[in-house]
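Here are a few friendly notes to read with the model open beside you. Take the points one at a time and find each place on screen before moving on.

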Amino acid sequence: MFLPRGFTLRPGPTWNIVKVSASYALSHVLRRPIVWGRPMSLMMEPISRCNLQCPLCPIGARELTRKLGTMTLDTFKRALDNLGPQVRVLALWNQGEPTINDDLPEMVRIAHERGIYTMTSTNGMLMLRRNLIDRLIEAGLDEIIFSIDGLTPESYQIYRIGGHLEVVVEGMQTLRKRRDELKSKTPRIIMQWLPMKHNQHEIPYLRAKAKQWGADTVEIKTAQVYTQQQYDDYLPDMEALRRYEKKGQRWETKRTYQSCKRLWFSTMVDWNGNVVPCCFDKDEEFLMGNAVTDGFDSIWHGEKYQAFRRQLITKGRMEEMCRNCTEGLRSYYIPLDKLEKFAEAEIPPVPEENKPKSKDYADIFDLPTHNQHTN
Ligand SMILES: C[S@@+](CC[C@H](N)C(=O)[O-])C[C@H]1O[C@@H](n2cnc3c(N)ncnc32)[C@H](O)[C@@H]1O
Ligand code: SF4
């Protein structure tokens with residue numbers, strides 16, 4: 001039987017899923033928000049600051065206007081207690097680089113001991129410091145995403161400004177090595193690659209490189225942009241590798257449905273305990289309350305959350321905030337096999353300026369392609 005990751009068929013969590021699903025469906029039938037049960041999936045922001053400057057990321061571009069900071073262990077524990085035992089999956093990231101917060105392994109440990117499935121996403125630059133790798137493995141982290149958007153230092157640095165591919169790769173390889181040495185099954189290591197104009201020629205080499213660098217799998221997540229200029233500058237040429245489609249002069253996300261389950265199934269807690277509907281409310285435009293100072297029921301059933309749900313059911317998504325959201329997106333993650341098929345048909349040759357200069361990467365585009373490498 002298929003179950004979302006982190007879920008087990010125990011009476012408590014199962015009953016919560018039944019209540020949440022039923023109230024989500026009923027809300028749409030009655031066209032007013034009915035809320036039973038509590039979020040089973042939670043995102044928490046260990047820190048809102050970052051060591052890199054990725055240009056399409058609000059924190060990387062230094063565009064956020066809300067107060068920035070680091071989540072304390074006390075805030076983490078209080079918020080988690082407040083949310084309750086219904087939480088089964090915890091994503092430890094939002095804006096910012098989670099590994100800067102030295103309490104990250106302890107946060108993982110606390111959640112893991114409560115039987116919660118834990119995940120994080122990192123730019124990987126700090127993995128080799130403060131014994132972080134062993135601490136994360138021992139804490140029981142289930143899944144880690146390494147954001148790697150280039151297979152050579154030349155293409156990598158175009159988006160991950162301030163990062164160094166060699167350092168990130170060494171971190172991922174060391175994690176794989178230590179995981180094997182400690183005979184641990186977790187964390188599952190994901191190399192996440194965003195297709196953009198400057199890296200699209202790398203698709204045929206992704207599978208082989210990820211394997212060589214220690215990842216268990218490659219995930220291809222379509223890139224989000226905010227402006228026409230970014231659309232023109234960064235999005236890959238192939239329509240299939242974009243989450244947007246042109247509608248006249250406008251561009252819209254390709255969606256299979258317009259509603260949003262997140263307002264019933266999940267929630268987001270920022271570094272200071274502030275609760276917002278999801279990670280797309282980057283600047284706390286729709287602040288619902290604070291998970292440290294307010295009882296979670298008063299937030300979850302409060303007028304602000306209900307007004308947001310009512311708007312969704314009766315008028316549709318919020319114009320700006322929901323524009324880029326991945327909920328209901330047809331092309332959020334593109335399976336690697338599918339991507340490789342596109343690549344065989346359409347991928348342009350490696351541009352001269354993206355050819356690696358360092359001898360360590362000199363053979364990268366000579367690698368056998370995915371047809372010879374499977375993992
Ligand atoms: C804001 S980052 C925070 C976590 C960490 N600093 C990192 O980069 O992995 C959250 C996620 O957004 C991804 N991301 C960054 N820029 C993006 C973009 N333009 N479109 C879609 N995802 C993006 C990152 O790769 C990461 O998985
Ligand atoms: S590393 Fe992550 S948080 Fe930092 S700027 Fe890049 S995408 Fe944003």
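1. Start with one pair of residues: T120 has I144 in β4 as its bridge partner. That bridge belongs to the pairing of β3 with β4, which is parallel and has four bridges. Please keep in mind throughout that you are looking at a predicted model.

2. Now follow the chain between those two strands. Together, β3, helix α4 (residues 132-139) and β4 form a β-α-β unit, and this unit is right-handed.

3. What lies on the other side of the pairing story for β3? Strand β2 (residues 89-92) also pairs with β3, again in the parallel sense, over three bridges. To find the place, look for V89, which stands opposite Y117 in β3. From β2 the chain passes through helix α3 (residues 104-113) on the way to β3, and this β-α-β crossover is right-handed.

4. How much of β3 is buried? Five of its six residues are, so the strand is largely enclosed by the rest of the structure. A residue earns that label when 20 or more other C-beta atoms lie within 10 Å of its own.

5. One step further along, strand β1 (residues 41-44) and β2 are parallel partners with four bridges between them. Here M44 is the residue to look for, standing opposite L92 in β2.

6. Zoom out and these strands fall into place. The open sheet has ten strands, in the order β11-β10-β9-β1-β2-β3-β4-β5-β6-β12, and its pairing is mixed. Why do β11 (289-290) and β12 (333-334) each have one side without a neighbour in the sheet? They stand at the edges, each with a single partner strand, so nothing in the sheet flanks the other side. For the whole protein, the count is twelve helices and twelve strands.

7. Next, the ligands. Around ligand 1 there are 17 residues, and L56, S121, S147, A223 and Q224 come nearest. The strands from the opening points return here: β3 (117-122) and β4 (143-147) each supply at least two residues of this shell. By class, the shell has eight nonpolar, seven polar and two charged residues.

8. Ligand 2 has its own surroundings, with C50, L52, Q53, C54, C57, I59, G60, Q95, G96, E97 and N123 around it. This shell divides into five nonpolar residues, five polar and one charged.

9. A single residue worth a visit is R243, in the loop between α8 (228-234) and β7 (244-247). Is R243 buried or exposed? It has 23 C-beta neighbours inside 10 Å, so it counts as buried. R243 and T253 are ten residues apart along the chain, yet their C-alpha atoms are separated by 5.5 Å.

10. For the overall picture, 40% of the 375 residues in the protein are buried. Consider also the contacts between residues at least 6 apart in sequence: 74% of these join residues at least 24 apart.

11. Finally, a word on confidence. The average pLDDT of the protein is 89, and 89% of the residues score at least 70. Over residues 368-375, however, pLDDT stays under 50. For that stretch the model has 13 contacts beyond four places in sequence.

How values were computed:
Residues are numbered from 1 along each chain as its sequence is written. Chains are lettered from A and ligands numbered from 1 in the order in which they are written. This is a predicted model: local features need pLDDT of at least 70, side-chain atom pairs count only at pLDDT 80 or more; totals for chains, interfaces and linings use all residues. A residue is near a molecule or strand if its C-beta atom, placed from the backbone, lies within 6 Å of it. Ala, Val, Leu, Ile, Met, Phe, Trp, Tyr, Cys and Pro count as nonpolar, Asp, Glu, Lys and Arg as charged, and the others, Gly among them, as polar. pLDDT is the predictor's confidence in each residue, from 0 to 100. Two residues are in contact if their C-beta atoms, placed from the backbone, lie within 7 Å. A residue is buried if 20 or more other C-beta atoms lie within 10 Å of its own, exposed if 12 or fewer, and partly exposed in between; C-beta atoms are placed from the backbone. Two strands pair if DSSP finds at least two bridges between them. A crossover is right-handed if, with the strands pointing away from the viewer, the path from the first strand over the helix to the second runs clockwise.
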